[in-house]
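Please keep the sequence and the model side by side as you read, and find each named residue in both before moving on to the next sentence.

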Amino acid sequence: MDQETGVYRNYAKKESWRTVLTLAYQSLGVVYGDLSTSPLYVYKSTFEEDIQHSETNEEIYGVLSFVFWTLTLVPLLKYVFIVLRADDNGEGGTFALYSLLCRHARVNFLPNCQLADEELIEYKKDSIGVAPKSTFGSSLKSTLEKHRVLQRFLLVLALIGTCMVIGDGILTPAISVFSAVSGLELSMSKEHHKYVEVPVACIILIGLFALQHYGTHRVGFLFAPVVLIWLLCISAIGLYNIIHWNPHVYQALSPYYMYKFLRKTQRGGWMSLGGILLCITGSEAMFADLGHFSQLSIKIAFTSLVYPSLVLAYMGQAAYLSRHHIIESDYRIGFYVSVPEKLRWPVLVIAILAAVVGSQAIITGTFSIIKQCSALGCFPRVKIVHTSSKIHGQIYIPEINWLLMILCLAVTVGFRDTKRMGNASGLAVITVMLVTTCLMSLVIVLCWQKSVFFAIGFVFFFGTIEALYFTASLIKFLEGAWVPIALAFIFLIIMCVWHYGTLKKYEFDVQNKVSINWLLSLGPSLGIVRVRGIGLVHTELVSGIPAIFSHFVTNLPAFHQVLVFLCIKSVPVPHVRPEERFLVGHIGPREFRLYRCIVRYGYRDVHKDDMEFEKDLVCSIAEFIRSGSVAPASDNEDVVKDDDKMTVVGTCSSHTEGIQMSEDDADNIEAAGPSELKEIRSPPAIKARKRVRFIVPESPQIDSGAREELQELMEAREAGIAYILGHSYVRAKQGSSLIKKLVINLGYEFLRRNSRPPTYALSVPHVSTLEVGMIYHV
């Protein structure tokens with residue numbers, strides 16, 4: 001199945017209410033697993049140390065009031081009603097906001113951008129490129145475009161949010177599973193419990209990460225029912241506790257109780273906000289996982305089920321605790337103590353399953369955001385395995401998976417309590433939300449073209465709330481909050497070093513590229529023997545001839561009859577449509593048989609395997625030759641500027657009325673009747689490894705020169721494709737500063753040696769690959 005067609009299902013999301021409700025049901029298992037398990041540890045983390053549960057109930061009522069209004073203002077008001085609207089062609093998350101800003105203000109750091117990229121359909125949506133209406137918006141846009149320092153700050157801000165999401169991918173499974181397993185504390189003595197809780201949690205976590213390579217599509221259908229049962233369970237238990245223990249607990253929803261809480265507890269109450277903050281862990285997933293669902297489905301699921309269930313669960317716990325003030329031990333304030341004794345074991349099982357589902361969702365989200373970073377040149381290349389051919393976006397990254405598992409186990413074994421885990425998780429969560437708030441303020445002005453006062457109001461209102469929680473979490477730096485900071489710092493250094501090295505390497509390529517005039521002076525044979533076959537010279541350049549090619553020409557006695565300079569690049573949109581995948585053009589006159597092919601992918605696109613990619617590549621060049629002959633260019637054109645004359649060509653499946661290619665041994669092709677198409681066949685005397693035929697539409701007619709060019713391309717394809725890959729060694733040039741030498745010679749070179757080769761080379765046969773080493777002095 002062609003996975004590319006799956007990414008455009010967003011346009012069918014609004015077909016019917018049945019579709020919307022189905023998506024809303026499915027979103028329970030993917031989006032809300034983490035958020036729905038937060039009642040397991042919020043009260044326990046809040047009352048762990050900073051405040052005490054007293055007979056007056058002012059503490060428990062104040063905490064309930066804080067939880068209710070935090071849930072109402074952040075997930076409901078901020079995300080559901082505002083942030084979800086800032087989607088990037090259906091995609092969400094930190095990089096989606098950054099991608100929107102890159103296209104509206106031209107602040108992206110992708111090195112090989114072209115004006116042709118701005119003609120993409122996904123790029124031009126929502127009036128991309130239209131100048132902001134307000135004077136402030138125009139001045140803000142020009143300021144961002146002029147000052148590279150501000151552009152770097154914007155990139156670093158987005159990367160900080162990304163690093164904290166990765167940190168959350170480590171901390172969330174630890175605290176969710178550990179808190180679920182902590183229900184065992186009520187069925188055994190504390191002496192035995194402490195020897196059971198950690199091993200059981202570690203076994204569950206190891207099993208969770210060990211099963212990642214199978215993908216979630218085999219058990220994904222169970223995720224939504226598990227979370228649905230869990231939400232119904234906690235809401236029913238909450239309703240029972242409200243009716244049975246304290247029907248008047250609803251009065252604590254008044255904001256007045258927050259004031260009473262802070263007045264009584266003062267500094268302890270402020271520090272306890274780090275525990276209350278955990279009630280909104282997982283809220284960012286509503287935006288980050290937007291690409292798999294729709295805005296309406298996520299809104300329906302949250303407002304109609306998730307939000308009421310969570311409110312009832314927290315009210316029920318508060319109602320129970322308001323009538324139970326005798327604390328027998330230091331672990332009696334928690335979720336399971338409010339569960340009726342006869343239901344504790346079934347609830348424990350459901351809680352563990354829900355924690356696993358929530359952990360699975362954040363792990364998958366971590367894989368996804370690392371793939372986006374890698375596509376945009378901000379993370380070393382890693383192996384990406386697509387675990388499902390039918391469901392887009394389900395990927396597995398082996399190196400990251402095992403790294404997450406080791407760090408997650410280290411956190412679980414090292415902390416062994418929800419207090420420090422909660423401090424760590426809370427800081428990671430609130431940092432991501434602060435980054436989202438900052439980026440959203442720019443989106444409001446530059447993308448939505450709203451008043452600057454609306455943006456300031458958004459930042460002031462939500463930023464104040466989040467800053468309050470951020471300070472309460474940061475003050476517990478030594479009590480666990482250092483973990484996300486340390487993790488984020490390490491990942492941020494890796495991302496910045498890789499991005500800096502990649503930019504410097506590209507700048508070296510641009511400065512040392514070969515003039516096309518030099519190429520034309522060699523003549524059609526390029527001064528060497530041209531042998532049968534296609535040579536794919538990979539380059540990062542979108543214009544000019546790479547220096548590595550001159551090295552080939554001067555050192556090799558022969559080269560292929562058809563040469564293609566291939567550039568595979570990412571553009572700042574989530575998806576590139578198949579009909580806009582390729583940009584193809586001639587380099588020099590037609591008889592040189594030199595082509596430039598630029599393959600464009602969005603940061604969430606699926607890269608095809610080598611065989612399907614080769615077919616699409618050759619077919620796109622053939623379609624370019626045919627379409628070029630139909631509308632011939634003027635003979636007086638300046639061939640030196642041929643890089644500007646690129647033609648947009650789609651994949652084979654996207655131009656069914658154009659040239660089609662057959663590579664099987666069948667004598668007849670059933671694709672179309674003889675009245676519509678005619679074949680260009682390879683000569684029967686040639687003993688090819690595979691039989692290749694181009695099926696060319698009879699109308700419009702193509703000239704003899706194009707037919708000859710197609711014939712030669714077909715013969716070259718039958719002879720085979722060779723991949724010419726540059727193997728670069730990057731070194732800081734003489735006179736560079738000590739910091740630059742450390743970053744390039746040690747940091748970037750270490751990452752390059754230990755990262756995967758480019759994705760296009762992973763499955764290329766070694767016999768078809770030619771690697772040539774070059775030293776880059778940057």
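Of the 778 residues in the chain, 59% are buried, and this should be read as a statement about a predicted model. The secondary structure of the chain comes to 24 helices and 12 strands. When contacts with a separation of 6 or more are considered, 83% of them are between residues 24 or more positions apart, and two residues can serve as examples of contacts of this chain.

Take Val 357 to begin with, which has its place in helix α15. Its relative accessible area is 3%, and because buried means under 20%, Val 357 counts as buried. In sequence Val 357 and Gly 29 are 328 residues apart, yet in space their C-alpha atoms are 6.7 Å apart. Not counting residues up to four places away in sequence, Val 357 touches Gly 29, and also Phe 223, Val 226 and Val 227.

Ser 176, found in helix α8, is the other example. With a relative accessible area of 1%, Ser 176 is buried. If its neighbours within four places in sequence are left aside, Ser 176 is in contact with Asp 34, Thr 37, Leu 40 and Tyr 41, as well as with Ala 355 and Ser 359.

The aromatic side chains come next. A pair of aromatic rings is described by the distance of the centres and the angle of the planes. The structure holds 16 aromatic pairs, and one of them is formed by Tyr 61 and Tyr 257, an edge-to-face pair with 5.7 Å from centre to centre and 90° between the planes. This pair links distant parts of the chain, since Tyr 61 belongs to helix α4 (residues 58-81) and Tyr 257 to helix α11 (residues 256-265), 196 residues apart. Both Tyr 61 and Tyr 257 are buried. Together with Tyr 256 and Tyr 259, Tyr 61 and Tyr 257 form one aromatic cluster.

Why is the pair of Phe 95 and Tyr 98 edge-to-face? The ring centres of Phe 95 and Tyr 98 are 6.2 Å apart and their planes stand at 85°; rings pair if their centres lie within 6.5 Å, and planes over 60 degrees apart count as edge-to-face, so the pair fits that description. Phe 95 and Tyr 98 are 3 residues apart in helix α5 (residues 94-105), which means that about one helical turn separates them. Phe 95 is buried, with a relative accessible area of 2%, and Tyr 98 is buried as well, with a relative accessible area of 5%.

An aromatic ring can also be looked at together with a charged side chain. Arg 85 lies over the face of Trp 448, at 4.8 Å from the ring centre.

From the side chains we turn to the space between atoms. Rolling a probe the size of a water molecule over the atoms shows where empty space is left. In this model the count comes to 9 cavities of 30 Å³ or more, and the largest cavity has a volume of about 380 Å³. There are 27 residues that line the largest cavity, and the closest to its centre are Val 165, Glu 284, Ala 285, Ala 288 and Ile 362.

Which helix gives the most to the lining of the largest cavity? That helix is α15, with 8 residues. At least two residues of the lining are supplied by each of α8 (148-181), α13 (284-288), α15 (344-375) and α17 (418-447). By residue type, the lining of the largest cavity divides into 11 nonpolar, 11 polar and 5 charged residues.

The last stop is the backbone. Most residues other than glycine have a negative phi, and most peptide bonds are trans. Gln 266, a residue other than glycine, has a positive phi, near 55°, and Gln 266 is found in the loop between α11 and α12 (267-276). For Gln 449, again a residue other than glycine, phi is near 60°, also a positive value, and the place of Gln 449 is in the loop between α17 and α18 (452-474).

Is each of these two glutamines buried or exposed? Gln 266 has a relative accessible area of 55%, and because exposed means over 50%, Gln 266 is exposed. Gln 449 has a relative accessibility of 19%, and because the limit for buried is under 20%, Gln 449 counts as buried.

Terms used
Residues are numbered from 1 along each chain as its sequence is written. This is a predicted model: local features need pLDDT of at least 70, side-chain atom pairs count only at pLDDT 80 or more; totals for chains, interfaces and linings use all residues. Side-chain values use heavy atoms; hydrogens and water are left out. Rings of Phe, Tyr and Trp (its six-membered ring) pair if their centres lie within 6.5 Å; planes under 30 degrees apart count as stacked, over 60 as edge-to-face and the rest as tilted. Helices (H or I, at least four residues) and strands (E, at least two) are DSSP runs, numbered from the N terminus. Buried means under 20% relative accessible area, exposed over 50%, partly exposed in between (1.4 Å probe, protein chains only). A charge sits over a ring if NZ of Lys or CZ of Arg is within 6 Å of the ring centre and within 35 degrees of the ring normal. On a 1 Å grid over the protein atoms alone, a cavity is a set of points where a 1.4 Å probe fits but cannot get out, and a pocket is an open set with protein on both sides within 12 Å along at least five of seven lines; lining residues have an atom within 4 Å of a point. Grid points are joined across faces, edges and corners, and a volume is the space filled by probe spheres set on the points. Ala, Val, Leu, Ile, Met, Phe, Trp, Tyr, Cys and Pro count as nonpolar, Asp, Glu, Lys and Arg as charged, and the others, Gly among them, as polar. Contact means heavy atoms within 4.5 Å.
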